[in-house]
Structure formats: C-alpha cells, structure tokens
Amino acid sequence: MSESLTGLDDLTPDDFLRRLAALREQRDQLDRLVRAYLAYAREFTGPRPYTLASLASAAGLSISGVRTAYSAADCTVVARCLGRPPRGQA
C-alpha cells in the first residue's frame with residue numbers, strides 16, 4: 001500500500017480526485033463481482049456445495065450478510081452470463 005501513497009503530495013487536486021474516483025469505481029466493480037459470485041453459489045449450484053458459513057468466511061460477511069448480499073438483479077446478471085436460469089427455475 002505504501003507504493004500507492006508515494007507521490008500523493010505531488011498530485012494536483014484534480015489528479016488526486018481522479019485517482020480517488022478511479023479507486024471508488026474499482027471498489028464498486030469488485031462489490032458487483034462479489035454479489036454475482038454469491039448469487040451463483042447460492043442460486044445456480046446444486047445441491048448447494050457452498051455452505052453459508054463457508055461463503056461468509058470467504059466473503060468477509062456474516063451468514064445473514066450472505067443471505068442479503070445479492071438481489072434478484074444480481075441473479076439476472078448471472079443467469080444471462082451463464083445462459084441458464086437459477087436452480088429450480090429451469
């Protein structure tokens with residue numbers, strides 16, 4: 001992390017804000033990907049090889065957090081990418 005902080009003093013305010021916005025976009029992309037992975041693990045695999053506890057541990061969430069981490073929209077994205085509906089909706 002120290003490498004990413006090196007040179008911050010040399011940035012113009014606009015460059016600093018651009019870098020910060022780029023980091024936010026990267027974080028948002030990773031959050032979307034984590035939600036898609038959780039949706040896949042919970043809704044598209046079967047019989048469920050991933051326990052809530054194992055998913056929670058891997059994602060850094062609580063068990064209830066895994067249950068609520070993804071939405072129907074996330075499932076729709078995964079279904080479109082896989083070319084198949086969630087388990088039980090085939």
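**Helix packing and cysteine environment in a predicted all-helical model**

The buried residues of helix 2 are covered by elements that include helix 3 (52–59), helix 4 (63–68) and helix 5. These buried positions are Ala36, Leu38, Ala39, Ala41 and Arg42. Helix 2 itself spans residues 13–43 and contains 31 residues. From its first C-alpha to its last, helix 2 reaches 45 Å, close to the 45 Å expected at 1.5 Å a residue.

The structure is a predicted model, and its confidence was examined along the chain. The mean pLDDT of the protein is 94, and 99% of the residues score at least 70. Confidence is lowest in helix 1 (residues 2–5), where the mean is 78. The highest value, 98, belongs to helix 5 (residues 72–82). Where pLDDT is low, the predicted coordinates should not be read in detail.

With regard to overall architecture, the protein contains five helices and zero strands, and its elements follow the order α-α-α-α-α from the N terminus. The protein is more spread out than a compact globule, because its radius of gyration of 18 Å is well over the 12 Å given by the globule rule for 90 residues. Taken along the principal axes, the box filled by the C-alpha atoms is roughly 55 × 25 × 20 Å. Of the 90 residues in the protein, 21% are buried. Among contacts with a separation of 6 or more, 59% are between residues 24 or more positions apart. The exposed surface of the protein amounts to about 6600 Å², of which carbon and sulfur atoms supply 58%.

The cysteines were then considered for possible disulfide pairing. A disulfide requires two cysteine sulfur atoms within 2.5 Å, and by this rule the count is zero. For Cys75, the closest cysteine sulfur is that of Cys81, at 12 Å, and this distance is too far for a bond. Cys81 is likewise in no disulfide, the sulfur of Cys75 being the nearest cysteine sulfur to it at 12 Å. The surroundings of these two residues were also assessed by solvent accessibility. Cys75 has a relative accessibility of 12% and therefore counts as buried, whereas Cys81 is exposed, with a relative accessible area of 66%. The assignment of Cys75 follows from the cut-off for burial, which is under 20% relative accessible area; that of Cys81 follows from the cut-off for exposure, which is over 50%.

Technical notes
Residues are numbered from 1 along each chain as its sequence is written. This is a predicted model: local features need pLDDT of at least 70, side-chain atom pairs count only at pLDDT 80 or more; totals for chains, interfaces and linings use all residues. Side-chain values use heavy atoms; hydrogens and water are left out. pLDDT is the predictor's confidence in each residue, from 0 to 100. Helices (H or I, at least four residues) and strands (E, at least two) are DSSP runs, numbered from the N terminus. Buried means under 20% relative accessible area, exposed over 50%, partly exposed in between (1.4 Å probe, protein chains only). The expected span of a helix is 1.5 Å times one less than its number of residues. Contact means heavy atoms within 4.5 Å. The radius of gyration is taken over C-alpha atoms; the globule rule is 2.2 Å times the number of residues to the power 0.38. Accessible areas come from the Shrake-Rupley method with a 1.4 Å probe; for residues, only the protein chains shown count as cover.
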